[in-house]
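Please keep the sequence and the three-dimensional view side by side while reading. The paragraphs below are meant to be followed with both in sight.

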Amino acid sequence: MSNNKNHHVAIIGGGYAGMAAAVTLASADIPVTVFESAKQLGGRARGVQHNDVLLDNGQHILLGCYHHTLQLIEQVGGNIGQDFLRLPLQLTLHNRFELKAPNLPAPLHLLAGLLSAKGLSFGERLRAARFMLALNRINFTLPHDISVFELLLMHGQGDELIRLLWEPICIAALNTPIHIASAQVLLHVLRDSLNGLRSDSDMLLPRMDFTALFPERAAEYVKQHSGTVLTACSVESIIPHSDKIELISRPTAVSTAHTYLFSHVICAASPIAAVRLFRTVPELACVAEQIAAIPYQPIYTVYLQYPQQVRLPHPMLGLDRCLTQWLFDKGQIAGQRGLIAAVISAQGRHQNLKHEQLARTVAQELCEQLGIIEAPVWHKVIAEKRATFSCETNLSRPPHTTQLANLLLAGDYTAGDYPATLEGAIMSGALCARTILATIE
Ligand SMILES: Cc1cc2nc3c(=O)[nH]c(=O)nc-3n(C[C@H](O)[C@H](O)[C@H](O)COP(=O)(O)OP(=O)(O)OC[C@H]3O[C@@H](n4cnc5c(N)ncnc54)[C@H](O)[C@@H]3O)c2cc1C
């Protein structure tokens, strides 16, 4: 085995992908340095301070099948039982639809849940169950990719079934409208969440903010393993040399630009940042263009702080035929009483509203649908305009290797089974780290 101290790996980006790479390398005793341009770690899954209240840049949900994410959170000191409110599979659109999976082994729990779902006719329930059985028979693999909408039509899923069940699932999982969303990627998610163990379909809602949940703990872990985590330290250029890569960081108010030399680099920056960094490196110009062609979808989270006694009938609740798609009661989830997070995923008419108007519309829907007549004490709208890549059919996603053998690419948008998710990000970071480990051992 070669001496680990001859190697030093740089990781550009301290989001979930970058920190997963850093933890995997640090645990194998490889020196790592993480560069994060923001003051805090977490990237698109980070805590945000507002009015002395800790929010997230967007309400996130994890699934029981996110095994890599859950394992890594535990590795850096988390406790899944305490860190999350864990809900068995249950989809409720207020007063309109309810799917509750009974306590049976998978996939019987799902089939029984579909057959007893409230709000659908018997024929629709049967068609939904048959659809799942048909997907099982083809092992959740299509001969070629088509849109989710086309797949649903091919399997006789009618308008109501699509609106009440499959469209909300597709938008929540892929953050992409069903007419353009990749059926194959959705099937990967359904395969792993609904067709695995019963616990794989559980929904996990964190009781803490997303920076604290993993990236901060991961940074502590990396430091304990002799690694370095630099925040507010943006990498501005990548310069390949024969067997090393030079990184130049941006000068700050208190320091001039630094240059650093590394044996390997993992670029786990957001796609836009990766394009900026790669375009000036001839060997990376091609992958830069591939990444630049990736389309995006937004996610809006509208936080409404109501008086403390206000609570929802469930910790997580959907609304039918409303601008608001999902509501989360942060009181029941994280002890932040009276705080409601309303999530609107993917493109839509809500993007035309000013934040003030959007918050008012959501509050109005809560009043009409749930009888919450109190006025919010404050609101905060967080619009992530490029929240995730648009998970469209046959989307070309870059692999984790590049033309430069010692420069690898991590991030939720890189090639993989999953849509843009924490699990996809974590898996990509760990894959890059394992690839480096395999070359130096
Ligand atoms: C509002 C919202 C809701 C979401 N909901 C869910 C959900 O419910 N479930 C789920 O699984 N996923 C969800 N996602 C997706 C999930 O957050 C992402 O897939 C994941 O966080 C991506 O992680 P990443 O590490 O690949 O990228 P990022 O989080 O984008 O990390 C990249 C990091 O690189 C840093 N960086 C950029 N340029 C440089 C540079 N030059 N030098 C140094 N650092 C740099 C950035 O600051 C950032 O911290 C949601 C995303 C959003 C925005």
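The text that follows goes through this predicted model, beginning with its domains and ending with single residues of the backbone.

The domain assignment divides the chain into three parts. Domain 1 is made of several stretches, 4–45, 70–80, 209–294 and 393–440, while domain 2 covers 89–201 and domain 3 covers 296–389. Between the C-alpha centres of domain 1 and domain 2 there are 34 Å. The two domains do touch: seven residues of domain 1 are in contact with 11 residues of domain 2. On the domain 1 side of this contact, four residues are nonpolar, two are polar and one is charged.

Consider next the sheets. Strands of a sheet pair through backbone hydrogen bonds, and the pairing may be parallel or antiparallel. One open sheet has five strands in the order 10-2-1-14-20, with parallel pairing. Its edges are strand 10 (228–230) and strand 20 (407–409), each of which pairs on one side only. On average, neighbouring strands of this sheet are turned by 15 degrees against each other, direction ignored. Helix 15, residues 422–440, packs on the sheet and touches strand 1 (9–12), strand 14 (264–267) and strand 20. The direction of helix 15 makes about 155 degrees with that of strand 20. At the other edge, strand 2 (residues 32–35) runs parallel to strand 10 and is joined to it by three bridges. Within this pair, T33 stands opposite T228.

A further open sheet has three strands in the order 11-12-13, and here the pairing is antiparallel. Strand 11 (235–240) and strand 13 (259–262) form the edges. Neighbouring strands of this sheet are turned by 25 degrees against each other on average, direction ignored. Four bridges connect strand 12, residues 245–249, with strand 13, and L247 stands opposite Y260 of strand 13.

Which residues are closest to the ligand? They are G13, G15, G43, G58 and A273, out of 36 residues that surround the ligand. Helix 1 (16–27), strand 15 (296–305), strand 19 (378–389) and helix 15 each give two or more residues to this shell. Helix 15 therefore appears twice in this account, as it also packs on the five-stranded sheet. Domain 1 and domain 3 each supply at least three residues of the shell. By class, the shell holds 16 nonpolar, 15 polar and five charged residues.

Two packed helices are described by the angle between their axes and by the distance between those axes. For helix 5 (residues 122–137) and helix 7 (residues 159–174), the angle is about 65 degrees and the axes are 10 Å apart. Their crossing is right-handed. In this contact E124, R127 and A128 of helix 5 meet E160, L161 and L165 of helix 7. By class, three of the contact residues are nonpolar, none is polar and three are charged.

Finally, two details of the backbone deserve attention. Most residues other than glycine have a negative phi, and most peptide bonds are trans. Between A106 and P107, however, the peptide bond is cis, with omega of about 0 degrees. P107 lies in the loop between strand 8 (97–100) and helix 4 (108–115). N175 is not a glycine, yet its phi is positive, at about 50 degrees. The place of N175 is the loop between helix 7 and helix 8 (183–194).

Technical notes
Residues are numbered from 1 along each chain as its sequence is written. This is a predicted model: local features need pLDDT of at least 70, side-chain atom pairs count only at pLDDT 80 or more; totals for chains, interfaces and linings use all residues. Two strands pair if DSSP finds at least two bridges between them. Axes are lines fitted to C-alpha atoms, for helices over the stretch in contact, and angles run from 0 to 180 degrees between N-to-C directions. Domain bounds come from an automatic or database domain assignment. Ala, Val, Leu, Ile, Met, Phe, Trp, Tyr, Cys and Pro count as nonpolar, Asp, Glu, Lys and Arg as charged, and the others, Gly among them, as polar. A residue is near a molecule or strand if its C-beta atom, placed from the backbone, lies within 6 Å of it. A crossing is left-handed if the near helix is turned anticlockwise from the far one by less than a right angle, and right-handed if clockwise.
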